[in-house]
Amino acid sequence: MGGRVVAVCTSATKGFKKTNVGEAYLEVEHGIMGDAHAGPWHRQVSLLSTDSIAKMRAKGLDVHFGDFAENLTIEGLELFSLPVGTRLRIGSEVVGEVTQIGKQCHKGCAIFQQVGDCVMPREGIFIKVVKPGKVKVGDAVEVVTDV
């Protein structure tokens with residue numbers, strides 16, 4: 001079972017949409033270098049699938065990769081069905097471990113205010129970085145059992 005990275009997004013400050021920067025370095029126990037949400041906690045890197053974004057587009061929203069403040073937008077994997085503890089190899093170097101499925105939307109979430117719903121609380125996932133390295137658009141994403 002595998003997918004592909006279609007966007008690598010960061011932001012310098014919390015509370016804003018993220019911008020697709022194409023590639024980034026992921027550091028162990030930190031996350032994406034230069035991203036406002038990185039740090040020594042369990043939600044170092046956020047992931048959202050293109051299918052989840054498509055659900056919001058079907059509700060009439062003009063949304064793009066990074067608009068849900070996700071760091072990595074992934075095509076071809078149903079991310080929210082992966083259990084906590086699942087390990088993902090991203091590209092040739094990075095390994096991340098799923099630490100949380102979904103999250104509570106922050107107060108005043110722009111997406112929720114527009115349509116009364118947001119997919120990130122149900123379908124976004126978070127990982128901690130177990131093995132560091134560079135991730136870029138086009139990289140393969142696969143569930144792994146040996147690390």
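Select Thr-50 and its surroundings: setting aside residues up to four places away in sequence, Thr-50 touches Val-6, Phe-65, Thr-73, Ile-74 and Glu-75, where contact means heavy atoms within 4.5 Å. This is a predicted model, in which local features need pLDDT of at least 70 and side-chain atom pairs count only at pLDDT 80 or more, while totals for chains, interfaces and linings use all residues. Residues are numbered from 1 along each chain as its sequence is written, and side-chain values use heavy atoms, with hydrogens and water left out.

**Helix α1**

Thr-50 is found in helix α1. Helices (H or I, at least four residues) and strands (E, at least two) are DSSP runs, numbered from the N terminus. With a relative accessible area of 16%, Thr-50 is buried; buried means under 20% relative accessible area, exposed over 50%, and partly exposed in between (1.4 Å probe, protein chains only).

Now extend the selection to residues 50-58, which make up α1. Which residues of this helix are buried? They are Thr-50, Ser-52, Ile-53 and Met-56. These residues sit on the same side of α1, because they cover an arc of only 160° around the axis; the arc is that of the directions from the helix axis to the C-beta atoms. Rotate to the face turned away from the buried side to find the exposed residues Asp-51 and Ala-58. Gly-60, which follows α1, has a positive phi near 100°.

**The sheet β4-β3-β10**

Select β3, residues 23-27. Its covered face carries Ala-24 and Leu-26, and its uncovered face carries Glu-23, Tyr-25 and Glu-27. Add β4 (residues 31-32), which pairs with β3 in the antiparallel sense over two bridges; two strands pair if DSSP finds at least two bridges between them. Leu-26 stands opposite Ile-32 in β4. Between β3 and β4 is a hairpin with three residues between the strands, where Glu-29 takes a positive phi near 55°.

Next add β10, residues 133-136, joined to β3 by four bridges in an antiparallel arrangement. Here Leu-26 stands opposite Gly-133. The three strands form an open sheet in the order β4-β3-β10, with antiparallel pairing. Which are the edge strands? They are β4 and β10, each of which pairs on one side only.

**Strands β7, β8 and β9**

Move to β8, residues 94-101, where six of the eight residues are buried. On one side, β8 pairs with β7 (residues 87-90) in the antiparallel sense over four bridges, and Ile-90 stands opposite Val-94. The hairpin of β7 and β8 has three residues between the strands, and Gly-91 in the turn has a positive phi of about 70°. β8 is also joined to β9 (residues 125-131) by six bridges, and these two strands run antiparallel. Val-95 stands opposite Lys-131 in β9.

Within β7, select Leu-88. Leu-88 is buried, with a relative accessible area of 0%. Not counting residues up to four places away in sequence, Leu-88 touches Leu-47, Leu-82, Val-94, Val-95, Gly-96, Ile-125, Val-141, Glu-142, Val-143 and Val-144. A distance label between the C-alpha atoms of Leu-88 and Ala-140 should read 10.0 Å; the two are 52 residues apart along the chain.

**Nonpolar cores**

A nonpolar core is a set of buried Ala, Val, Leu, Ile, Met, Phe, Trp, Tyr and Cys residues joined through side-chain atoms within 4.5 Å. In the largest core, of 21 residues, select Val-45, Leu-47, Leu-72, Ile-74, Ile-90 and Val-135, which touch the most other members. At least two residues of this core come from each of β1 (2-10), β3, β5 (45-49), β6 (72-75), β7, β8 and β9. β9 supplies the largest share, three residues.

Apart from this core lies another, of ten residues, including Leu-48, Met-56, Val-63 and Cys-118. Back in the largest core, show the surroundings of Val-135: leaving aside neighbours within four places in sequence, Val-135 is in contact with Val-5, Val-8, Gly-22, Glu-23, Ala-24, Leu-26, Leu-72, Ile-90 and Val-94.

**Charges over rings**

Finally, select Lys-14 with Trp-41: Lys-14 lies over the ring face, at 5.8 Å from the ring centre. A charge sits over a ring if NZ of Lys or CZ of Arg is within 6 Å of the ring centre and within 35 degrees of the ring normal. Arg-43 lies over the face of Phe-126, at 4.8 Å from the ring centre.
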